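Trainee: I have a structure to study and would like to work through it with questions. May we begin once it is on display?

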Amino acid sequence: TTFQDGGEEVEEGAVYNVTLKKVQIQQAANKGARWLGGEGDQLPPEHTVRQYETSKIRAIKAGTLEKLVENLLTAFGDADFSYISIFLSTYRAFASTKAVLELLLDRFGNLETSSHGEVANLNSFESEVVLRAEIASVLRAWLDQCSEDFREPPDHTCLLKLLDYLKNNMPNSDMESKVQNLLKQFQNQETETVDGFCTTSSSDLVDGEELEISNPEEFSSFQDHVVAEQLTYMDVMLFKKVVPYHCLGSIWSQRDKKENKNLAPTVRATITQFNTVTKCVVSTILGTKELKIQQRAKIIEKWIHIAYECRILKNFSSLRAIISALQSNSIYRLKTTWMCVSKDILLMYEELSEIFSDHDNYLTSRELLMKEATSKFANLDSSEKENQKKSQKRLQLQKNKGVMQGTVPYLGTFLTDLIMLDTALQDYVEGGLINFEKRRREFEVIAQIKLLQSSCNSYCLIPDQKFIQWFRSQRHLTEEESYKLSREVEAAADTNILCPKSQKSMVKRISTLFLGTDVITPPKEHPLKSSPLGGSSGESTDSASVSSCEFNHSETEDACVTPISSPEDPLKKGSIGSDKGSGSNKCSIFDKGSGSDKCSVFDKASGPNSGPVSDKSSGSMTCSTSKVLPVYNRQNGGACIIRVSMDGINDSVYKSILITNQDRIPDVTQRALLKHNLEPDAVEDYELVQVISEDKELVFPRDANVFYGMNSHVNFDFILRKKA
């Protein structure tokens with residue numbers, strides 16, 4: 001089978017990519033070979049005759065909403081077999097369920113054989129049968145793949161409309177029964193909530209009542225594999241409930257608006273769980289001041305072992321949460337405690353941290369995730385012999401039990417990719433047509449999420465109520481509290497003391513953890529002195545440190561993870577991290593929430609596809625054209641992504657903005673104001689400034705070309721400031 005680019009076809013309201021597919025349908029002996037009595041499949045190529053068939057594949061590239069909905073009924077005829085799945089997974093970015101359903105049923109689903117009351121002829125009858133089958137196929141796929149689209153408590157208007165349609169046009173069908181059952185299911189459930197296994201927040205406590213940090217002995221009583229299994233159980237339950245379209249960049253990036261406080265609840269629940277694990281690690285290590293150094297080191301060792309057990313269970317979410325917590329400033333600075341951690345366990349910690357190296361856009365974690373997505377067991381390669389022996393022993397035990405595992409990903413990777421795609425690709429193309437090529441690209445990420453959700457059905461984990469009760473009853477320390485306790489436990493750290501490996505790789509993107517394009521920088525009044533985000537694009541940091549951030553118990557979506565950055569091998573030249581916090585990596589949050597006293601970093605790495613990429617989505621058979629996506633901190637093909645914050649208003653929040661080599665100051669200023677939900681008419685009142693370093697700025701003249709005028713050797717961080 002060979003494919004050939006057939007160019008484009010343009011119709012009213014739609015543009016199609018055309019691919020010509022050439023398939024061999026027959027091979028027979030030629031005339032001379034037949035005279036000799038030979039068979040085609042037994043002869044060399046020169047003695048055979050081949051027959052080929054060429055078919056045309058049309059894949060819609062852009063169109064009006066009406067055309068995109070109509071294409072649901074014709075995609076199979078055009079051999080665009082993945083179109084229905086792509087549309088159903090992404091249409092919420094440009095249309096509502098009500099709008100799509102009305103078009104599908106009222107305009108294209110009218111099964112009346114004649115609008116004038118005439119007697120139907122044979123052709124119209126056959127057309128009705130075909131149309132009925134096409135409508136049924138689309139509706140069945142919709143109900144199977146995206147039933148949550150119809151959850152609209154308390155009225156469930158769209159589901160009732162669909163039920164009425166089926167009663168009139170497909171009475172007593174299996175689909176009608178399915179819709180009735182779904183309606184009953186929704187009506188019997190309370191207003192949609194997500195069981196997030198969250199800890200009690202401070203707002204839930206009665207005045208004067210406080211949750212207590214549990215006795216370290218209680219935590220130590222739980223076996224490492226039991227803790228890992230229970231964390232995995234919670235993560236699996238939440239990840240399976242994630243509604244994929246909630247992850248779309250155009251939806252997730254709108255979560256900080258007041259009217260969207262309940263937007264994407266399934267993603268928020270996953271974020272809350274990640275944050276809770278991180279806070280639990282910090283609290284168990286620092287919560288009891290009376291612990292001796294060796295006892296505190298044992299707790300750190302226990303968490304490293306738990307992280308390793310999470311790795312065996314292929315739970316990358318809790319694994320990353322634990323590693324991030326251990327690299328937070330308040331834990332990382334405990335130099336004397338870390339010196340008491342055994343060398344073998346430090347090596348294990350380093351190997352686990354290496355999984356999340358930010359090298360080449362987190363290539364290690366991405367490859368590992370896809371490699372193990374549908375595998376039965378983890379692929380544990382360790383450079384340390386003792387760890388390797390332990391790994392093989394644990395895996396063999398699992399294999400003997402016949403236990404299979406799914407894979408729980410770190411959701412932030414997918415959220416980041418979808419945010420980047422949303423920023424880099426336009427929603428509409430020439431003529432006001434919806435850019436469906438963008439949706440095909442987004443579906444490639446959504447399909448990975450769905451694949452991993454499916455793999456999670458392989459887990460066979462039983463909840464341990466004793467552990468879950470302990471986990472939910474923990475009182476978590478704020479960042480200020482944990483920093484203060486850390487200072488009380490150990491005095492200011494000496495940066496020349498040996499330390500565990502602090503991964504430079506460990507999450508420069510942690511702001512986008514569950515982020516979006518929003519990035520929050522540390523408050524200036526924080527006790528830890530911190531430098532500007534990043535450093536120059538070609539530099540590495542020379543000190544291991546992070547700034548701390550404020551936890552807000554009333555905002556369960558706010559995460560604070562404080563990764564450390566150090567280029568040195570800690571077992572040779574590293575340091576435990578000083579109290580000054582002079583490094584370039586900052587602590588991050590997943591969601592901005594309502595407070596401003598939080599800190600975060602945006603990813604310095606490139607976007608989801610920093611090299612040449614194909615527009616051809618998996619299985620869509622569209623014509624492939626190579627192009628380069630704009631990314632952050634790099635100018636590609638006359639475009640790039642910059643981050644803009646508002647000075648004095650939302651100076652702690654960044655928004656990602658796509659600029660091209662044609663954009664001048666007024667254009668960029670207007671887009672920045674829109675992104676920050678401010679009036680775009682006030683362009684003349686603001687000036688755009690690029691942050692060069694702590695004490696240097698580049699101020700742009702009014703009509704300057706931003707792309708050519710900016711300093712491309714430092715981070716693409718800008719401030720929009722009111723003119724004096």
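Trainee: How many bridges join S9 to strand S10, and in which sense do they run?

Mentor: Please note that this is a predicted model. Strand S10 covers residues 653-660, and S9 and S10 run antiparallel. One pairing within this ladder sets Val-644 against Lys-655 of S10. The number of bridges joining S9 to S10 is 7.

Trainee: In which sense does S9 pair with strand S13, and what is the bridge partner of Met-646 there?

Mentor: Strand S13 spans residues 717-722. S9 and S13 pair over 4 bridges, and the sense is parallel. In S13, the bridge partner of Met-646 is Leu-720.

Trainee: Why is strand S9 described as largely enclosed by the rest of the structure?

Mentor: One side of S9 carries Ala-639, Ile-641, Arg-643 and Ser-645, and these are buried. The other side carries Cys-640, Ile-642, Val-644 and Met-646, which are buried as well. S9 is largely enclosed because the buried residues number 8 of the 8 in residues 639-646.

Trainee: Which residues of helix H3 are buried?

Mentor: Helix H3 comprises residues 83-90, and it is largely enclosed by the rest of the structure because 7 of its 8 residues are buried. The buried residues are Tyr-83, Ile-84, Ile-86, Phe-87, Leu-88, Ser-89 and Thr-90.

Trainee: Which residues have the most contacts inside the largest nonpolar core, and which helix gives the most to this core?

Mentor: In soluble globular proteins, nonpolar side chains tend to be buried together. Here the largest nonpolar core has 130 residues, and Phe-87 and Trp-303 have the most contacts inside it. The helix that gives the most to this core, with 10 residues, is H12 (residues 293-312).

Trainee: From which domains does this core draw at least three residues each?

Mentor: One contributor is assembled from the segments 2-28, 49-110 and 129-188, and is called domain 1. The other covers 224-489. The core therefore draws at least three residues from each of domain 1 and domain 2.

Trainee: How many residues does the other core have?

Mentor: This core lies apart from the 130-residue one. Its members include Ile-641, Ile-657, Phe-700 and Phe-716. Ile-641 is also one of the buried residues of S9. The number of residues in this other core is 24.

Trainee: Finally, what percentage of the protein's residues count as buried?

Mentor: The secondary structure comes to 24 helices and 13 strands. The protein has 724 residues, and the share that counts as buried is 55%.

Definitions and conventions. Residues are numbered from 1 along each chain as its sequence is written. This is a predicted model: local features need pLDDT of at least 70, side-chain atom pairs count only at pLDDT 80 or more; totals for chains, interfaces and linings use all residues. Side-chain values use heavy atoms; hydrogens and water are left out. Helices (H or I, at least four residues) and strands (E, at least two) are DSSP runs, numbered from the N terminus. Buried means under 20% relative accessible area, exposed over 50%, partly exposed in between (1.4 Å probe, protein chains only). A nonpolar core is a set of buried Ala, Val, Leu, Ile, Met, Phe, Trp, Tyr and Cys residues joined through side-chain atoms within 4.5 Å. Domain bounds come from an automatic or database domain assignment. Two strands pair if DSSP finds at least two bridges between them.
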